[in-house]
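Work through the exercises below with the sequence and the model open. Each task is followed by a solution in steps.

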Amino acid sequence: MPPKVLFTTVYKNSPELYDYIGANARSKWLRFYWPRIQSFGLRFLKQNIPEIEIMEYPTWDEYLKRLNEGWDVVGFSFYLNETHEILDMVEAARTKKEVGELWAGNYGALTPEIQDRFDKIFVGYAEEAVAPYFDRKIDKNDVIHPPLIEYLDTAFHKKLNIYGIMFTTRGCGVGCKFCQTPRFCNHPHPVPIESLERVIAYYKEHDINVVVIEDENFGARRKHADQVVELLDEYGMVWGCMARADYLRKKIDEWVEMRMRPDPRSGTDGRQMKGFAGAAIGIENLHQERLDAINKREGTEDVLETIRLLQSYGLGTVGYYMIGFEDDTKKEIETDIKQLAGLKLDITQICILTPLPQTVLWDEIEERYGIFEKDWHKFDMKHLVWNHPNIPPEEMEDILDKSLRKVYNRLTPIRTSFRVWANAYRFAGLVGVRAIKSYITRANEFDFRPEKPRLLETGPHLLDDEKSSGETLEKDLQPAV
Ligand code: SF4
């Protein structure tokens with residue numbers, strides 16, 4: 001009998017979903033919403049190890065009810081600012097005699113202070129490490145990518161778009177001092193092209209024509225990234241990615257030119273809705289010495305040039321920015337934010353420089369200034385958690401608030417919507433306009449939260465000797481929902 005294993009995210013009693021954009025927008029009505037409706041990490045686990053059960057954002061009561069079913073293992077996948085709630089969940093599980101071991105994974109599990117509350121800690125993507133508990137063997141370069149479908153929403157619950165998420169490589173070794181990824185997984189490993197093709201085909205079959213590549217750093221494996229782009233082109237997908245500016249700058253012209261190519265399937269001309277639509281870039285800061293201090297290994301002017309190039313083609317731009325570097329003063333931040341707002345990005349995410357456990361930045365700040373905050377909720381990049389030499393915490397949060405109002409004002413979503421429609425027309429004429437309308441219709445018809453997670457119908461990974469015995473995979477097939 002395989003062990004009974006339940007993996008869960010943090011509980012959530014409020015019906016309001018976490019919104020990726022929410023913390024950066026200040027208007028309730030004139031803004032986009034990107035609600036978090038699933039756990040990517042748990043979907044990958046479920047797709048590759050079908051025996052595990054997963055729960056995503058259960059209420060507290062739903063969680064307690066599931067605990068009573070009895071489990072050999074309950075695992076928690078969480079982020080740092082969810083730590084207190086997860087520890088409550090751990091405590092509840094420890095009181096149940098029906099529950100065996102407790103495991104922890106995802107970035108929240110990197111915090112040394114809480115690791116002794118669990119029986120096992122998984123660092124990095126866990127399919128490979130969890131598989132042996134089920135007599136399976138999964139190579140990290142051989143994972144199966146699950147379908148991950150999300151939407152862009154408005155305050156009026158009229159959805160604007162539906163898109164498939166894709167991770168083409170996982171991990172990053174660039175080594176920026178503030179980032180936990182190199183500690184979580186410091187070697188970017190590619191998801192096999194065959195697996196990516198299956199998930200793209202799944203999206204296409206379900207009338208989803210937009211793909212968002214959520215790699216930490218798309219292009220970290222250049223040849224692999226080129227293959228991904230060819231594949232997206234072949235399937236006629238509209239796509240965007242998160243990538244470093246240095247990589248993007250070399251690719252933008254080529255990707256824009258691809259949009260004009262005849263459709264490889266139908267042979268029709270370039271007036272069609274497909275291809276590269278925009279990118280998210282870590283700007284981090286407008287001062288070179290600050291980028292150097294955090295080991296970003298990029299030039300500020302290069303980053304700005306990449307943004308200008310994207311905008312010259314009418315493509316989408318998302319920028320990540322940080323304030324609260326040790327030399328920052330209120331006046332200086334105000335000047336920088338004016339310049340940042342002048343870039344007119346579609347979405348600008350501003351964070352307060354936050355030391356995260358097991359990063360170089362944590363050690364440096366702890367030693368030089370001290371980290372005073374004990375409430376993990378505040379480690380959400382929107383609070384000052386350490387003793388800044390020039391700016392006290394309340395003032396820093398006030399500066400953040402004003403900065404966000406400047407870069408993401410009420411006109412921003414209107415400007416972005418105009419850009420999207422205008423660009424669709426520019427690239428594909430009326431075909432483009434009709435395509436955007438069809439995304440809206442599809443997004444509002446689609447069932448984003450079916451009872452069971454959508455998975456690819458596929459045979460699971462087995463140990464080599466089972467593979468060679470020719471044992472049928474049928475019995476373990478997961479139904480595609
Ligand atoms: S910030 Fe981005 S490029 Fe830097 S280490 Fe993290 S994931 Fe890699």
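**Exercise 1.** Which residue in β2 does leucine 6 stand opposite?

Solution. Before the steps, two notes on the material. The model is predicted: local features need pLDDT of at least 70 and side-chain atom pairs count only at pLDDT 80 or more, while totals for chains, interfaces and linings use all residues. Numbering starts from 1 along each chain, as its sequence is written.

Step 1. Find strand β1, residues 5–8, which runs parallel to β2 and is joined to it by three bridges. Strands are DSSP runs of E with at least two residues, helices are runs of H or I with at least four, and both are numbered from the N terminus. Two strands pair if DSSP finds at least two bridges between them.

Step 2. Read across from leucine 6: the residue opposite in β2 is glutamate 53.

**Exercise 2.** Place β1 and β2 in their sheet, and name the helix that packs on it.

Solution. Step 1. The sheet is open and has five strands, ordered β2-β1-β3-β4-β5, with parallel pairing. At its edges are β2 (53–55) and β5 (120–121), each of which pairs on one side only.

Step 2. Helix α1 (residues 40–48) packs on this sheet and touches β1, β2, β3 (71–77) and β4 (99–105). Contact here requires C-beta atoms, placed from the backbone, within 7 Å. The direction of α1 makes about 165° with that of β2; axes are lines fitted to C-alpha atoms, for helices over the stretch in contact, and angles run from 0 to 180 degrees between N-to-C directions.

**Exercise 3.** Describe the seven-strand sheet and the surroundings of β11.

Solution. Step 1. The strand order in this open sheet is β6-β7-β10-β11-β12-β13-β14, and the pairing is mixed. Since β6 (149–152) and β14 (347–352) at the edges each have a single partner strand, one side of each is left without a neighbour in the sheet. From one strand to the next, the twist averages 20°.

Step 2. On one side, four bridges join β10 (residues 210–213) to β11, and these strands run parallel. Isoleucine 213 is opposite cysteine 241 in β11. On the other side, five bridges connect β11 with β12 (residues 275–284), again in parallel. There, cysteine 241 has alanine 279 as its bridge partner, and valine 238 has glycine 275.

Step 3. Strand β11 (residues 238–242) is largely enclosed by the rest of the structure, because four of its five residues are buried. Buried means that 20 or more other C-beta atoms, placed from the backbone, lie within 10 Å of the residue's own.

**Exercise 4.** How is the chain divided into domains?

Solution. Step 1. Domain 1 covers 5–26 + 35–143 and domain 2 covers 149–440; the bounds come from an automatic or database domain assignment.

Step 2. The C-alpha centres of the two domains lie 26 Å apart. Their contact takes 23 residues from domain 1 and 27 residues from domain 2.

Step 3. For the chain, count 15 helices and 14 strands. Buried residues make up 40% of its 481 residues, and its C-alpha trace spans about 60 × 60 × 40 Å along the principal axes.

Conventions: Two residues are in contact if their C-beta atoms, placed from the backbone, lie within 7 Å. A residue is buried if 20 or more other C-beta atoms lie within 10 Å of its own, exposed if 12 or fewer, and partly exposed in between; C-beta atoms are placed from the backbone.
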